[in-house]
Amino acid sequence: NSVWVSTDHDEIEKVAKQFGAQVHRRSPEVSQDSSTSLEAIREFLNHHHEVDIVGNIQATSPCLHPSDLIKVADLIQKEGFDSVFSVVRRHQFRWSEVKKGENKTTEPQNLNPAKRYRRQDWPGELYENGSFYFAKRHLIEKGYLQGGKMAYYEMRAEHSVDIDIDIDWPIAEQRVLSFGYFGKEPLKEVKLLVCSIDGCLTNGRIYVTEDQKEMVSYDYRDTVGIDLLKKRGIQVRLISERDCSKTLSAMQLGCVAKVSATNKLQVLEDWQKDMGLSWKEVAYLGNEESDVECLKKAGMSGVPADACAVAQKAAGYICKSNGGCGAGRELAEHIFLLLEKVNAARKQ
């Protein structure tokens, strides 16, 4: 009936409202590092007596699809369950833990080593994956998210992504690109990448010789990335606020370029219209404040790791590489992953 974001953060509130959600401002008491989801939900219910069922969606599980939520809502509303939670099937053999100093041996927990079977032939076990917890008000008011007449909802393994620690981030990024939900509008194949030259293809530094000649450095990996994009039928165009014609000539990239661009967004819009592309078919790599509006418009946007703060906030992807150190190649790989997603959707 309604979608809410619970937060005490101004920027999160702003983004939530942009996407059509309503916002519940958390009190300081339930906004601590040690605060639980249950505490935040109970506070929400104290302010919303009209709500009798809560579906708590975890922000750390980014591969959740609407179709799953619709089925879970039906389990509570039509089949009479009091609580439903998400699980995933795992095929992992468990052994008892032996702590240091204990005089005992480990024991199998869910297998017989004498009759060990192949894991792919074993039905596996169900584990909570943390994607969502649905519960009726009367349970939550008692301090439970699970209870009463309970049911689990088994999610597909590829949709079960749980971000707990730093190393989970790159896995989540790959999973979202391959299995994430991209909205009702069909995915579009990227057909144009526009890249800011200074600070993206170069490190932003200009070296001046004694005879007043300028020199810049670039990373060969970025030129390889551009070549790979071209081979996949993706046009690559370059843009710069300064006149860097000599730099472009020396790099021999063979790309359409616009230098001395006082309004990057206008250039980008002109290219998009001339090529007859939707914004979802345009990718943009920028790093400065002058790139922000272009980053917001493009269907896929990226920045090098050392981009300015406002550009990072506007981008959909932050590279691990700095400008002039392989960020262009990295974004190219990111685009290739999206193309795999598009091709997989077409086959389905």
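I take a residue as buried when its relative accessible area is under 20%, and I keep that cut-off in mind throughout these entries on a predicted model.

**Entry 1: confidence**

Before reading any detail I looked up the confidence of the prediction, and found a mean pLDDT of 89 for the protein chain, with 97% of its residues at 70 or more. Among the elements, strand S6 (residues 150-154) has the highest mean pLDDT, 97, while strand S9 (residues 214-215) has the lowest, 71. Where pLDDT is low, the predicted coordinates should not be read in detail.

**Entry 2: the parallel sheet**

I then traced an open sheet of six strands, whose order is S11-S10-S7-S12-S13-S14 and whose pairing is parallel. Strand S11 (256-258) and strand S14 (317-318) are its edge strands, each of them pairing on one side only.

I went to strand S7 and asked which way its side chains point. Leu192, Val194 and Ser196 point one way from S7, Leu193 and Cys195 point the other way, and all of these residues are buried. This fits what I expect in general, since in a regular strand the side chains alternate between the two faces of the sheet. S7 is mostly covered, with five of its five residues buried.

On one pairing, S7 runs parallel to strand S10 (residues 235-239) over five bridges, and there Leu193 stands opposite Val236 of S10. On another, S7 (residues 192-196) pairs in the parallel sense with strand S12 (residues 282-285) over four bridges. In that second pairing I noted Ala283 of S12 as the bridge partner of Leu193, and Tyr284 of S12 as the bridge partner of Val194.

Moving on to S12, I found that Val282 and Tyr284 point one way from the strand and Ala283 and Leu285 the other way, all of them being buried. S12 is also joined to strand S13 (residues 300-303) by three bridges, and these two strands run parallel. Ala283, already noted as the partner of Leu193, stands opposite Met300 in S13.

**Entry 3: two helices**

For helix H2 (residues 37-47) I listed the buried residues as Leu38, Ala40, Ile41, Glu43, Phe44 and Leu45. I also looked up what covers these buried residues of H2, and the cover includes strand S1 (4-7), strand S2 (22-25), strand S3 (53-57) and helix H4 (137-141).

For helix H5 (residues 168-179) I checked the length: at 1.5 Å a residue its twelve residues should span 16 Å, and the end C-alpha atoms are 16 Å apart, so the two values agree. The buried residues of H5 are Asp168, Ala172 and Leu177. They lie on the same side of H5, because they cover an arc of only 165° around the axis.

**Entry 4: two buried polar residues in strands**

Is Asn129, which is found in strand S5 (residues 125-136), buried or exposed? Its relative accessibility is 5%, so Asn129 counts as buried. The side chain of Asn129 makes a polar contact with the side chain of Ser160, at 3.0 Å. Leaving aside neighbours within four places in sequence, I found Asn129 in contact with Ser61, Ser86, Val87, Val88, Met155, Ser160 and Asp162.

Ser83 is found in strand S4 (residues 83-90), and with a relative accessibility of 0% Ser83 counts as buried. With neighbours within four places in sequence again left aside, the contacts of Ser83 are Ile76, Phe134, Ala135, Leu139, Leu145, Gln146, Gly147, Lys149, Met150 and Ala151.

**Entry 5: a backbone angle to flag**

Most residues other than glycine have a negative phi. I therefore flagged Ser260 against that general expectation because, although Ser260 is not a glycine, its phi is positive, at about 55°. Ser260 has its place in the loop between S11 and helix H9 (264-274). At 40% relative accessibility Ser260 counts as partly exposed.

Conventions:
Residues numbered from 1 in each chain as written. Predicted model: local features only at pLDDT ≥ 70, side-chain atom pairs only at ≥ 80, totals over all residues. Heavy atoms only, no water. Pairing = 2+ DSSP bridges. Buried < 20%, exposed > 50% of the residue type's maximum accessible area, 1.4 Å probe, protein only. Contact = heavy atoms within 4.5 Å. Polar contact = N/O pair within 3.5 Å; in protein donor to acceptor, adjacent residues only side chain to side chain. pLDDT = per-residue confidence, 0-100. Expected span 1.5 Å × (residues − 1). Arc of directions from axis to C-beta.
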